[in-house]
Each structure stands twice: as structure tokens, then as C-alpha cells.
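Let's take a walk through this model together. Have a look at the structure below, and then we'll go through a few spots one by one.

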Amino acid sequence: GGGTVEDADGEEQNNDTAASAQPIELGDTLTGAITPAADEDFYQFEITQSGCVHLDMTSYMQFYCLIIYDTSGGELWYTDQNEYNYTVGFREDVYNIYLECGIYYLKVNGYKSGANDASTGEYLLVTSFEGANANEIEGNNSVASANIFTPGDQIRGVIAINDTLDFYGVTLGHSGRLRLDITSYMKYYCIVIYDTMGTELWYTDSNEYNAMVGFRQDWYAINLEAGTYYIEVNGYRAGTSDFSTGRYIIDASFTDAEATETEPNNSIADATAAALGVENRGLIGVNDRYDFYGFTLTKDSRLALDITSYMRYYTLGIYNTAGELLWSVDGREYNSKVGYREDAYAIDLSAGDYYIQVTGYRTGTRDASTGTYTLLIDRSDIPVEEE
């Protein structure tokens with residue numbers, strides 16, 4: 001057995017084991033032969049950045065198998081059952097394998113998987129490498145080792161066969177909209193957002209690229225309260241064992257909601273105090289589904305509620321101090337052409353303390369929209385009608 005390296009330093013040697021693997025540079029052309037049938041050829045290569053290893057194989061064996069190992073002997077990638085064309089006596093294949101920086105071993109043999117068949121013959125293997133130009137710092141495979149970024153940054157990462165998850169951390173000083181613009185060169189990609197407790201807040205998955213162009217572009221706007229969050233990127237396709245690799249680019253930006261509400265105000269007990277005649281600006285986020293405002297009427301009044309909602313749906317409810325629902329509107333949908341909706345309501349109420357709940361839920365469905373809104377609570381100029 002053994003092989004020679006064309007256009008590079010190196011000469012034919014006994015390379016039947018990993019310990020005696022022939023060092024190569026990616027960019028070398030390997031010419032070798034498997035003989036006798038039990039023969040195996042090992043090559044060692046190193047990459048100093050994450051990227052794609054290209055293997056262009058021409059085999060004159062009836063069957064061939066390629067395997068890539070890491071330095072601990074772990075099998076990272078393989079291809080087998082590759083039978084040649086009897087008419088022409090050879091077979092050609094191209095492989096693209098994404099790997100993190102490190103030292104690797106490539107094994108070539110003539111075995112047919114699942115059988116004792118072991119063929120012999122020559123092969124020609126052209127190698128090359130394309131760096132990903134990533135700026136992620138490995139290993140960022142967990143929340144604990146997440147790369148920290150700031151909105152406005154560009155994230156360039158790689159999902160590789162030996163690096164299936166990437167994590168990034170971001171801290172938002174105010175509530176608002178985090179926008180993620182992604183260009184993915186993976187067949188599939190998935191993005192998940194977690195809070196500091198590890199709770200999954202938002203995700204998108206099964207995003208398949210356009211095979212004709214080899215990439216896919218999407219943008220996402222995620223409404224979040226102030227806090228620290230972790231973003232996971234992977235190549236899994238939900239509900240299947242499909243897993244893809246490749247590089248991706250994410251441009252992150254943030255728009256402050258300029259909210260006046262005081263979080264947390266998710267219940268009557270912690271409602272934000274609302275002065276009459278003063279506009280309240282709030283955000284319903286993926287981790288903040290309800291906002292409550294408390295106000296006082298010193299006399300029987302016709303209450304005027306003016307809302308501008310940038311959520312797809314909004315629902316309002318007025319409660320008394322006993323928690324009883326006195327009035328509500330449900331599932332008011334915005335105008336998708338302009339991206340908002342404006343409404344004014346008049347509700348007759350007796351003197352007392354009250355609470356208004358704002359949410360993006362639509363009753364009876366799983367629809368839960370998010371976004372900003374402005375809410376003005378005031379008394380109407382129209383007096384309460386006496387009965």
C-alpha cells in the first residue's frame with residue numbers, strides 16, 4: 001500500500017496505521033494504491049482555522065471507504081459502499097467536510113461496509129481547504145462558554161461535524177426588539193433563544209436553504225425585556241435526525257422600545273401606576289406576555305382609553321381590586337399593511353381603583369403576538385349618563 005504526494009514534499013512510505021500516517025498539506029494531490037485487500041492508508045493533516053475540507057476522490061477500486069478521525073481516535077466522518085462503474089472501471093466523488101481547527105487523520109481503504117468484501121486498486125485524491133473566516137471563539141458549545149456580542153456586531157460562525165452547537169450571549173439594557181439577519185450556507189439551520197435560567201423563549205427551525213444557490217437568508221425580530229440572553233445556532237432539522245454543517249453569518253441589531261412601564265408588571269400585585277392623561281409606552285415580549293397598569297378614579301367617570309398597538313393582536317381587560325373582569329376587548333388585529341392599529345374606547349366606571357391588562361393573546365387560540373404599544377388612560381369629556 002502507501003501513497004505519494006504530488007506537488008508537495010513527501011514520498012512513498014508505510015502509512016498503514018495512524019501512528020505512521022503520512023503528513024500532508026490540504027492542497028496536495030494524493031496518489032495511492034490499496035494492495036493487498038487488508039491494506040489501509042493513513043494521512044495526517046492540520047487546519048489552523050475552521051472551514052471546509054474538500055476531498056475529490058477518483059477510485060479504481062470496486063469499493064472504497066474514507067474515514068476522518070480526530071487525535072483521540074474518534075470517528076468524525078465516513079463514506080462507504082462506494083462502488084465503481086464496471087463499464088469505465090472507476091468512480092469519482094466530491095466531499096465537503098466542515099471541521100474546526102485541529103489535527104486530523106484520513107483513512108483510505110477498499111472495504112464495503114457490512115461485508116467482508118475488501119477490494120484493491122489505485123486511487124487519486126485531490127485535497128483542498130476553504131477557510132470560513134469565522135470570528136467566533138471555540139469552544140462556545142454551551143451557555144457557560146458562550147461568545148458575548150453587542151447589537152451592531154456581525155457574527156460569523158461554523159457548524160462542523162465536530163462542533164454541532166454554537167452559543168452567543170447578549171445583554172439588553174432596555175426592553176426592545178432584537179433583530180437577527182442570518183445568511184446560512186447549511187442545508188438546514190435552527191436558532192434558539194434562552195434566558196439565564198435556561199428557559200427556551202423563542203426558536204426557528206427546519207429552515208432549508210435553496211439548493212440552487214447554496215444558501216438561505218432570513219431576518220427575525222424578537223421582542224424582549226431588558227436582561228441577558230443566550231442564542232444557540234445549530235444545523236438540526238426539527239423532528240428528524242437530519243443534521244447539516246456549514247458556515248453562517250448573523251448581523252444583530254437592536255431597537256429600544258423606549259418603554260415607560262416598570263417591569264415586572266405582570267400582575268395586579270405589581271401593576272405600574274398610571275396617571276390619568278399621561279401616555280404609557282410598553283412592550284409585550286416573548287418573555288413578558290402581560291402588562292398591568294393601576295389607576296384611580298376619584299368620582300364616577302366615563303373612562304377614555306386610547307391605544308396604538310404594533311402587535312398583530314392585542315387584548316385589553318379592566319379589573320377591579322377583587323380581580324373581577326369588568327370590561328374587555330379581545331384579539332384586535334392590526335392592519336398588516338401599516339403594521340399597527342389605533343382604537344379609542346369609552347367605558348363608564350364608578351369611583352375607585354382599577355387595573356388594565358394589556359396582552360398579545362387572542363382568546364381561544366394559541367396566537368400570542370408581541371410588540372410595542374402606547375396606552376392613554378384618561379377621563380372623557382362626555383359626562384356619565386344618569387339613569
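Is Asn133 buried or exposed? With a relative accessible area of 52%, Asn133 is exposed, because anything over 50% falls in that class. Keep in mind as we go that this is a predicted model.

Asn133 sits in the loop between β10 and β11, and its backbone deserves a glance: phi is positive, about 55°, although the residue is not a glycine. Most residues other than glycine have a negative phi, and most peptide bonds are trans. The loop that runs from β10 (121–131) to β11 (147–148) also holds Gly139, and the peptide bond leading into Gly139 from Glu138 is cis, with omega near -5°.

Now move along to the loop between β19 and β20, where you'll find Glu258. Here, too, phi is positive in a residue other than glycine, with a value near 50°. Glu258 has 59% relative accessibility, so it counts as exposed. The loop between β19 (246–256) and β20 (272–273) contains Pro264 as well. The bond from Glu263 to Pro264 is cis, its omega near 0°.

Next up is a hairpin. Strands β15 (residues 188–194) and β16 (residues 200–208) run antiparallel and pair over six bridges. If you want a register mark, take Ile191, whose bridge partner in β16 is Thr204. Five residues separate the two strands of the hairpin, and in the turn Gly198 has a positive phi of about 85°.

Stay with β16 and turn to the pockets. The largest pocket has a volume of about 340 Å³. It is lined by 15 residues, and those closest to its centre are Trp202, Ala221, Val286, Ala368 and Thr370. Which strand gives the most to this lining? That would be β16, with four residues. Both β16 and β17 (216–224) supply at least two residues each to the lining of the largest pocket.

Last stop: the surface. Tyr310, Val338 and Tyr340 make up a nonpolar patch there, and together they have about 260 Å² of accessible area. One of the three, Tyr340, lies in the loop between β25 (325–333) and β26 (341–349). Why does Tyr340 count as partly exposed? Its relative accessibility is 31%, so it belongs in that class, because partly exposed covers the range between under 20% for buried and over 50% for exposed. Patch members need over 30% relative accessible area, and the 31% of Tyr340 can be set beside that cut-off.

Notes
Residues are numbered from 1 along each chain as its sequence is written. This is a predicted model: local features need pLDDT of at least 70, side-chain atom pairs count only at pLDDT 80 or more; totals for chains, interfaces and linings use all residues. Side-chain values use heavy atoms; hydrogens and water are left out. Patches are made of residues with over 30% relative accessible area and no salt bridge: like charges are joined within 9 Å, nonpolar side chains (Val, Leu, Ile, Met, Phe, Trp, Tyr) within 5 Å. Accessible areas come from the Shrake-Rupley method with a 1.4 Å probe; for residues, only the protein chains shown count as cover. A salt bridge is a side-chain nitrogen of Lys or Arg within 4 Å of a carboxyl oxygen of Asp or Glu. Buried means under 20% relative accessible area, exposed over 50%, partly exposed in between (1.4 Å probe, protein chains only). Two strands pair if DSSP finds at least two bridges between them. On a 1 Å grid over the protein atoms alone, a cavity is a set of points where a 1.4 Å probe fits but cannot get out, and a pocket is an open set with protein on both sides within 12 Å along at least five of seven lines; lining residues have an atom within 4 Å of a point. Grid points are joined across faces, edges and corners, and a volume is the space filled by probe spheres set on the points.
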